[in-house]
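Subject: Structure handover

Hello,

Here is the structure I promised to pass on. Please open it next to this message.

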Amino acid sequence: MGENTLDGGHLKSFIERIERLEEEKKAIADDIKDVYAEAKGTGYDVKIMRKIVSLRKQDVNKRREEEEILDLYLSALGEP
């Protein structure tokens, strides 16, 4: 592609793909909210569930390192 030329059809294709993916992302986000609402309705603590999901995404070694540093800092502050 030259410096001063644009392929409108190609650009339009990219834009439309991105728009479709954004719509799918929103639908998935809505589905996730529904699952959390359902879990909350059955008595689960959604805040804790979100934390678990976040922790499970992390690399195990990185998570352990962060937990060790957290424990060290809490200990330095005299926290149990």
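Below are the findings, going from the whole chain down to single residues.

**Overall picture**

Please keep in mind that this is a predicted model. The protein chain has 3 helices and 0 strands. Its pattern along the sequence reads α-α-α. How does the chain compare with a compact globule? The protein chain is more spread out, because its radius of gyration is 22 Å, well over the 12 Å that the globule rule gives for 80 residues. The C-alpha trace spans about 65 × 40 × 20 Å along its principal axes.

Burial is scarce in the numbers: 4% of the 80 residues count as buried. The accessible surface of the protein chain is about 7700 Å². Carbon and sulfur atoms account for 56% of that surface.

**Charges**

The protein chain carries 15 positive and 19 negative side chains. The centres of these two sets lie 3 Å apart. The salt bridge count comes to 4. Here are some of them, taken helix by helix.

Helix H1 covers residues 8-41. Within helix H1, Glu 16 and Lys 12 are joined by a salt bridge at 3.8 Å, N to O. The two residues sit 4 residues apart, about one turn of the helix. Glu 16 is partly exposed at 34% relative accessibility. Lys 12 has a relative accessible area of 52%, so it counts as exposed.

Further along, Lys 26 pairs with Asp 30 in a salt bridge. Their closest N and O atoms are 3.0 Å apart. This pair is also in helix H1, and because the two are 4 residues apart, about one helical turn separates them. Lys 26 is exposed, at 53% relative accessibility. Asp 30 is partly exposed, at 29% relative accessible area.

Helix H3 spans residues 60-76. Lys 62 and Glu 66 both belong to helix H3, with a spacing of 4 residues, about one turn of the helix. They form a salt bridge, with the closest N and O atoms 3.2 Å apart. Lys 62 is partly exposed, with a relative accessible area of 46%. Glu 66 is partly exposed too, with 37%.

**Surface patches**

Which residues form the negative surface patch? Glu 65, Glu 67, Glu 68 and Asp 71 do. Take Glu 68 as a sample: this residue lies in helix H3. Is Glu 68 buried or exposed? Glu 68 is exposed, because its relative accessible area is 56% and the cut-off for exposed is over 50%.

There is a nonpolar surface patch as well, of about 490 Å². Leu 6, Leu 11, Phe 14, Ile 15 and Ile 18 make it up. Ile 15 is located in helix H1. Ile 15 counts as partly exposed, with 39% relative accessibility.

**In short**

The protein chain is α-α-α and more spread out than a compact globule. Salt bridges number 4. One negative patch includes Glu 68, and a nonpolar patch includes Ile 15.

Best regards

Terms used:
Residues are numbered from 1 along each chain as its sequence is written. This is a predicted model: local features need pLDDT of at least 70, side-chain atom pairs count only at pLDDT 80 or more; totals for chains, interfaces and linings use all residues. Side-chain values use heavy atoms; hydrogens and water are left out. Patches are made of residues with over 30% relative accessible area and no salt bridge: like charges are joined within 9 Å, nonpolar side chains (Val, Leu, Ile, Met, Phe, Trp, Tyr) within 5 Å. Accessible areas come from the Shrake-Rupley method with a 1.4 Å probe; for residues, only the protein chains shown count as cover. A salt bridge is a side-chain nitrogen of Lys or Arg within 4 Å of a carboxyl oxygen of Asp or Glu. Lys and Arg count as positive and Asp and Glu as negative; His and the chain ends are not counted. The place of a charge is taken as NZ of Lys, CZ of Arg, CG of Asp or CD of Glu. Buried means under 20% relative accessible area, exposed over 50%, partly exposed in between (1.4 Å probe, protein chains only). The radius of gyration is taken over C-alpha atoms; the globule rule is 2.2 Å times the number of residues to the power 0.38.
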